[in-house]
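Work through the exercises below with the model open. Try each task before reading its solution.

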Amino acid sequence: MVLVLIIIFAIVVVIFKNISNNNSNTDISTEKESKISKLKLKLPTKKINIVDLKSTSRPFAVMINNINVARPLQSGLQDAYIIYEIIVEGGITRYMALFQDQATDRIGSIRSARHYFLDYALENDAVYVHHGQSDQALEDFNNLNDLDRIVVDNSKTGFRDTSLNVSSEHTLFSSIDKLKNGLDNIRLERNKNYLLKYSSDSIDFSKYDSVLTANNVSIKYSNYTTSSYVYDSINKVYNRFVNGKEHTDYVTGKQYNFKNIITYQVNNYDLNDGSGKGRQGIDNIGSGEGYYISEGYAIPITWEKKSRESRTIYKYNNGEELVVNDGNTFIQIQPKGQNLTIE
């Protein structure tokens, strides 16, 4: 009988120790999970640097001169978060550069409006900035109620740099402070979301099909203009060239670089409007295919723009909406049939 009691007591002790150990392990595990949760809460949330996602201010969409003689004078483009390049008459191109919440003190040189650039100001709910316009753009200014604009002059909203050894039409510049002088009676808050979605972490290109290596990119617009890029794997940006020459800023002397490139083709054609100036039209309302290029890779994408004022929707081929790396973006809308080289 005594032996039986001793055995039962031993069994009870063993069971109690196991229960105690399990409770102890559970407490340790719970304590560890609590510490990990607290650590996660203390870790700073990664922020997008290219734009302030909380900002509601409207960007300025500035028309930039890109004729050969004026290109060395281009200023301030590194501060733009998006730049569009589109063909105009004579095989030349113009840029439209978007600035938001910047303090850039020299932007330009500034040139005249072309009507299809207004579509891209509208899709960004931007204040359109120009000096002069084509007949087609002038007609749009009278009919597009949602478009706000600033016409840059020589004093209030801009300035002439008379020290430059070029024709007067290439000497008009502005600054963010001067552009703000033209905001009288203009709505200041955006009604639309940002055009692009940004990721604070590098995009994982491995999960997409048909990915290409993209160390060198060449985008021909005409016999007059070819834009190209060379990938800088150390800084993970694309250094920009025009017609084989480094594309540099007049003030800083530094070569322009971009984190993201979006390129696609649309049909362009002569308007035959009787002006004899070779004004162009483009078929940019619709859909098509293109590439998103970043960090040494190119991914096939699709684009769709349903109306002049609607946002262009970019998607991966699997149907997911495009998300781009945190950084500035050059949108190259190339004439259909021209050479595009990615290698």
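**Exercise 1. Place Asp-125 on the buried-to-exposed scale, then find its salt-bridge partner.**

Solution. Asp-125 has a relative accessible area of 6%. Buried means under 20%, exposed over 50%, and partly exposed in between (1.4 Å probe, protein chains only). Asp-125 is therefore buried. Next, the partner. A salt bridge needs a side-chain nitrogen of Lys or Arg within 4 Å of a carboxyl oxygen of Asp or Glu. The side chain of Arg-58 meets that of Asp-125 at 3.3 Å, N to O. Arg-58 sits in the loop between helix H1 (2-42) and strand S1 (60-64), and Asp-125 in the loop between helix H2 (117-123) and strand S5 (127-130), so the pair ties together parts 67 residues apart in sequence. Helices (H or I, at least four residues) and strands (E, at least two) are DSSP runs, numbered from the N terminus. Arg-58 is buried too, at 7% relative accessible area.

A note on the source: this is a predicted model, where local features need pLDDT of at least 70, side-chain atom pairs count only at pLDDT 80 or more, and totals for chains, interfaces and linings use all residues. Residues are numbered from 1 along each chain as its sequence is written, and side-chain values use heavy atoms, with hydrogens and water left out.

**Exercise 2. Describe the salt bridge between Glu-89 and Arg-114.**

Solution. The N to O distance is 2.6 Å. Glu-89 lies in the loop between strand S2 (82-87) and strand S3 (93-99), Arg-114 in the loop between S4 and H2, 25 residues apart. Both residues are buried.

**Exercise 3. Locate the salt bridge of Lys-197 and Glu-321, and state their exposure.**

Solution. The closest N and O atoms are 3.4 Å apart. Lys-197 lies in strand S9 (residues 197-199) and Glu-321 in the loop between strand S21 (313-316) and strand S22 (323-325), so parts 124 residues apart in sequence are tied together. Lys-197 is partly exposed at 42%. Glu-321 is partly exposed at 25%. Now look for shared partners: Arg-58, Asp-125, Asp-148 and Arg-187 are joined by salt bridges into one network.

**Exercise 4. In the open sheet of 3 strands, which strands stand at the edges?**

Solution. The order is S4-S8-S7, with antiparallel pairing. Strands S4 (107-108) and S7 (159-160) are the edges; each has a single partner strand, so one side of each lacks a neighbour in the sheet. Pairing requires at least two DSSP bridges between two strands. S4 and S8 (residues 172-174) are joined by 2 bridges. Gly-108 has Phe-173 as its bridge partner in S8.
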